[in-house]
Amino acid sequence: MLKKALSAIAIATLALSAQAEVLKVGATAVPHAEILNHIKPALKAQGIDLEVKEFSDYVQPNAAVEDKQLDANFFQHQPYLDSYNKDRKTSLVAVPNGKVHVEPFGAYSSKIKNIKDLKDGATIAIPNDPSNGGRALILLAKQGLIELKDPKSLTPTALDVVKNPKKLKFKELEAPLLPRALADVDLALINTNYAIEAKLNPSKDALFIEGSDSPYTNIVVARKDRANGSDITKLMNALHTPDVKKFIQEKYKGAIVPAF
């Protein structure tokens, strides 16, 4: 009887596994993959087997969604997505109700402890992609270090700097490399996910940082034909829970801010 009961349980387990729907989502390691891994059990209970594929850059996760290797990704904000779609001639979209959190963008230095100590002619490292490079310049402008031609633009470039009283020099680098550049520059504007990976504490180590009013909310992105899928809806419902909000607040202690 025991053997038959165990066999029945095994068959039932296999049946449930067979019924589980696989949802493949790309993400950068911190905090996106960590958040996704946190909701795996909740989705499993709804018949969704969430597979999280980690990436270390900002190009491959979008390319993988476009090529149908992934169903969705979670790593970027809308200005970056807009820039990517324009440059690559793609049409990826934010999924309905796709906002999850804000990663306040910060300025870090291994050479000075206060922005008032920034010397004339200092070298400032910023991301080399248009949206995050523009974001860095906007943050510098808010500190009064530079002035931009159009203060309302979300994608200014170094060519849009109309006033630069300290004669700051800008060095554009790939976003993941910025923490490693701290020893070689006077100031680096770093995305929070890469700052955390480099053991920097945005709330303590940043000389200045974006406020919670940042327009750069991180979103879940998919192809148009997948954006309204029931599995994507379940994903977003699982991300928008009090449990996830508590997880973000307790784990990242203000470095990541829930946007739901």
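Ala45 lies in the loop that links helix 3 (40-44) to strand 2 (48-55). In this predicted model, Ala45 has a relative accessibility of 70% and counts as exposed, because the cut-off for that label is over 50%. Ala20 is 25 residues away from Ala45 along the chain, and the C-alpha atoms of the two are separated by 9.4 Å.

Now let us turn to a histidine. Is His101 buried or exposed? His101 has a relative accessible area of 0%, so it is buried. Here is a short side-by-side view of the two residues.

| Residue | Location | Relative accessibility |
|---|---|---|
| Ala45 | loop between helix 3 and strand 2 | 70%, exposed |
| His101 | strand 4 (residues 93-102) | 0%, buried |

Which residues surround His101 in strand 4? Leaving aside residues up to four places away in sequence, His101 touches Pro31, His32, Ile35, Phe74, Thr217, Asn218, Ile256, Val257, Pro258 and Ala259. The side chain of His101 also makes a polar contact of 2.9 Å with the side chain of Glu103.

Finally, take a look at a pair of helices. Helix 5 (residues 78-88) and helix 6 (residues 130-142) have axes that come within 8 Å and cross at roughly 140°. The two helices are therefore oblique to each other. Where they meet, helix 5 contributes Pro79, Tyr80, Ser83 and Asp87, while helix 6 contributes Pro130, Ser131 and Asn132. Sorted by class, this contact has three nonpolar, three polar and one charged residues.

Note on methods. Residues are numbered from 1 along each chain as its sequence is written. This is a predicted model: local features need pLDDT of at least 70, side-chain atom pairs count only at pLDDT 80 or more; totals for chains, interfaces and linings use all residues. Side-chain values use heavy atoms; hydrogens and water are left out. Helices (H or I, at least four residues) and strands (E, at least two) are DSSP runs, numbered from the N terminus. Buried means under 20% relative accessible area, exposed over 50%, partly exposed in between (1.4 Å probe, protein chains only). A polar contact is a pair of N or O atoms within 3.5 Å; within protein, one must be able to donate a hydrogen and the other to accept it, and residues adjacent in sequence count only if both atoms are side-chain atoms. Contact means heavy atoms within 4.5 Å. Axes are lines fitted to C-alpha atoms, for helices over the stretch in contact, and angles run from 0 to 180 degrees between N-to-C directions. Angles under 35 degrees count as roughly parallel, over 145 as roughly antiparallel, 65 to 115 as roughly perpendicular and the rest as oblique. Ala, Val, Leu, Ile, Met, Phe, Trp, Tyr, Cys and Pro count as nonpolar, Asp, Glu, Lys and Arg as charged, and the others, Gly among them, as polar.
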